[in-house]
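Trainee: I'd like to learn how to read cysteines and overall shape from a model. Could you walk me through one?

Mentor: Happily; let's bring it up and begin with the cysteines.

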Amino acid sequence: MNKVQNNRAWFLILPMLLLVAFSAIIPLMTVVNYSVQDVFDPNTRFFTGTEWFVAMLNDPALQSALLRQFAFSFTILAIQVPLGIGIALLMPKQGWRASLVLILVTLPLLIPWNVVGSIWQIFTRGDIGLMGWGLRELGYGYNITRNPVDAWATIILMDVWHWTPLIALLCYSGLRSIPEAYYQAARIDRASRWAVFRYIQLPKLTNVLVIGVLLRFMHSFMIYAEPFVLTGGGPGSSTTFLSQSLAIMAIAQFDVGPSAAFSLIYFLIILLVCWVFYTAIMNLQKDKS
């Protein structure tokens with residue numbers, strides 16, 4: 001018997017394909033088109049090939065912003081991943097306390113990004129901010145507008161406060177999925193808390209940690225609103241990250257060609273680093289298994 005194939009099911013995913021094309025593919029192709037042209041006005045443009053890509057890769061300001069971006073992202077991951085795991089391990093497993101703690105932990109994630117920057121800008125002021133006033137009363141000359149170390153520490157602390165709950169919630173969901181039989185077997189063997197974490201909990205958290213690490217790296221590498229509102233990229237350019245450099249180039253200076261090439265390089269860096277993270281974590285999991 002000849003099997004009749006019904007391809008009408010493809011029409012069910014047609015709206016999704018159109019949405020992806022409209023929201024991602026078409027804008028990406030537009031950026032690619034601009035990245036190889038020198039645009040003077042809507043009717044005047046010249047083909048430049050890879051000229052803008054070479055110029056962006058050799059720009060000292062963008063190289064410095066890239067180094068700051070990597071330093072910030074890796075610092076954030078080094079703090080938030082262990083801290084999120086620790087918070088998840090301390091959270092109650094059931095009962096009304098578990099519900100209450102989940103609500104309290106989730107609260108920072110509900111605050112919009114630009115509002116987070118405004119909150120911490122007020123919080124760190126020396127005249128009305130609790131943190132700024134407290135540090136000055138203790139004798140420390142805290143000032144994020146003049147001291148790059150203070151600005152960096154504040155941005156890192158702000159991001160840790162805002163996004164560590166995401167890692168904690170992901171790890172909490174991973175811990176809740178571990179069958180109770182694993183813990184019963186560990187108690188029978190009189191395994192220590194470290195052994196339970198090392199051989200039972202941590203291997204089961206690998207998948208959610210992959211998601212958490214990738215999400216946090218992508219967001220921290222694209223961070224814009226929070227440091228822009230808090231420090232404006234200063235003092236000087238000490239907290240000017242890639243997203244702010246790109247916004248200045250594309251919006252303030254209206255350099256369409258260079259900003260398009262820069263955005264493609266930006267995208268490829270994020271894609272490459274995420275692939276490295278995913279491959280390394282998956283290979284580590286295979287080696288342990």
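Trainee: How many disulfides does the structure hold?

Mentor: The general idea is that a disulfide covalently links the sulfur atoms of two cysteines. This model is predicted, and it holds 0 disulfides. Cys171 takes part in none, and its nearest cysteine sulfur, in Cys274, is 18 Å away.

Trainee: Why is Cys274 without a bond to Cys171?

Mentor: Because the closest cysteine sulfur to that of Cys274, in Cys171, lies 18 Å off, the two are too far apart for a bond; the cut-off for a disulfide is 2.5 Å.

Trainee: Is Cys171 buried or exposed? And Cys274, buried or exposed?

Mentor: For this step you need one cut-off: buried means under 20% relative accessible area. Cys171 has 1% relative accessibility, so it counts as buried. Cys274, at 12%, is buried too. Across the protein, buried residues make up 39% of the 289 residues.

Trainee: What radius of gyration does the protein have, and how do I read it?

Mentor: Set it beside the value for a compact globule. With 289 residues, such a globule would come out near 19 Å, while the protein has 24 Å. The C-alpha trace spans about 85 × 75 × 35 Å along its principal axes.

Trainee: Which secondary structure elements are in the protein?

Mentor: You will find 13 helices and 2 strands. As for contacts between residues at least 6 apart in sequence, 68% join residues at least 24 apart.

Trainee: And what about the surface and the charges?

Mentor: The protein exposes about 17600 Å², with 69% of that supplied by carbon and sulfur atoms. There are 18 positive and 13 negative side chains, and the centres of these two sets are 18 Å apart.

Methods:
Residues numbered from 1 in each chain as written. Predicted model: local features only at pLDDT ≥ 70, side-chain atom pairs only at ≥ 80, totals over all residues. Heavy atoms only, no water. Helix = DSSP H or I, 4+ residues; strand = E, 2+ residues; numbered from the N terminus. Rg over C-alpha atoms; globule rule 2.2 N^0.38 Å. Buried < 20%, exposed > 50% of the residue type's maximum accessible area, 1.4 Å probe, protein only. Contact = heavy atoms within 4.5 Å. Areas by Shrake-Rupley, 256 points an atom, 1.4 Å probe, with all protein chains shown as cover. Lys, Arg positive; Asp, Glu negative; His and termini not counted. Charge placed at Lys NZ, Arg CZ, Asp CG, Glu CD.
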